[in-house]
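Visitor: I would like a quick tour of this protein. Please keep the answers short.

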Amino acid sequence: MIKKGTKLYSIIKNKCPQCNQGDFFINSNPYKINGNLKIHDNCPKCELKYMIEPSFFYGAMYVSYGLTVAMAVAIFIICQLLSLDLVSTVISIIVVLILSLPNLVRISRLIYINMFVSYEKKFEN
Ligand SMILES: [Zn+2]
């Protein structure tokens, strides 16, 4: 459905941004509490070094912040459309954000590395 060779494919499918083949995170399940943020040192297929520089993924915090605010606003709007009161709205936002936190952090890191690394056609097939 999502075309291989796009950044969206890499972000959604947990794949290396350069070859779109090797896995980025070691565990494919974001809700496995122990070690859900462990990444491979290098791409298993194209040997791209994922940790481009020391503390590279600190920058993903800003991406995560943006995603979290966008989700909170979206949930707020949905709750207003459903005519929920303010307490229910706040509780809804907190519950949804807590439940989606593991996925948000992983997606933030994938978005962040995709800002710096582009797909290379030589890794097709
Ligand atoms: Zn790769």
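The questions below go from the overall fold to single residues.

Visitor: How many helices and strands does the protein have, and in what order do the elements run?
Guide: This is a predicted model. Its secondary structure comes to three helices and zero strands. From the N terminus on, the order is α-α-α.

Visitor: What box do the C-alpha atoms fill along the principal axes?
Guide: Of the 125 residues, 18% count as buried. Taken along the principal axes, the C-alpha atoms fill a box of roughly 55 × 30 × 25 Å.

Visitor: What share of the contacts with a separation of 6 or more comes from residues 24 or more positions apart?
Guide: One such pair in sequence terms is S10 and N114, 104 residues apart along the chain. Their C-alpha atoms are separated by 7.9 Å. Across the protein, residues 24 or more positions apart account for 54% of the contacts with a separation of 6 or more.

Visitor: What span does α2 reach from its first C-alpha to its last?
Guide: α2 has 22 residues. At 1.5 Å a residue, 32 Å is expected. The model comes close to that, with a reach of 32 Å.

Visitor: Which residue just after α2 takes a positive phi?
Guide: α2 covers residues 60-81, and α3 covers residues 86-116. Just after α2, a phi of about 60 degrees is found at S83.

Visitor: At what angle do α2 and α3 pack, and what is the handedness of the crossing?
Guide: The axes of α2 and α3 lie 8 Å apart, at an angle of about 145 degrees. The residues of this contact divide into 16 nonpolar, seven polar and one charged. The crossing is right-handed.

Visitor: Which helix gives the most to the largest nonpolar core?
Guide: That core has 12 residues, including C16, F24, C43, L48, V63 and L110. α2 and α3 each supply at least two of its residues. The top contribution, three residues, comes from α3.

Visitor: Which residues does C16 touch, beyond those up to four places away in sequence?
Guide: C16 belongs to the largest nonpolar core, as do F24, C43 and L48. C16 touches those three core residues. The full list is S10, Q21, G22, F24, C43, K45, C46 and L48.

Visitor: Is S10 buried or exposed?
Guide: S10 sits in helix α1, residues 7-13. Beyond four places in sequence, S10 is in contact with K15, C16, P17, N20, L110 and N114. Burial needs 20 or more C-beta neighbours within 10 Å. S10 has 26 of them inside 10 Å, so it counts as buried.

Conventions. Residues are numbered from 1 along each chain as its sequence is written. This is a predicted model: local features need pLDDT of at least 70, side-chain atom pairs count only at pLDDT 80 or more; totals for chains, interfaces and linings use all residues. Axes are lines fitted to C-alpha atoms, for helices over the stretch in contact, and angles run from 0 to 180 degrees between N-to-C directions. Helices (H or I, at least four residues) and strands (E, at least two) are DSSP runs, numbered from the N terminus. A crossing is left-handed if the near helix is turned anticlockwise from the far one by less than a right angle, and right-handed if clockwise. Ala, Val, Leu, Ile, Met, Phe, Trp, Tyr, Cys and Pro count as nonpolar, Asp, Glu, Lys and Arg as charged, and the others, Gly among them, as polar. The expected span of a helix is 1.5 Å times one less than its number of residues. A nonpolar core is a set of buried Ala, Val, Leu, Ile, Met, Phe, Trp, Tyr and Cys residues joined through C-beta atoms within 7 Å. Two residues are in contact if their C-beta atoms, placed from the backbone, lie within 7 Å.
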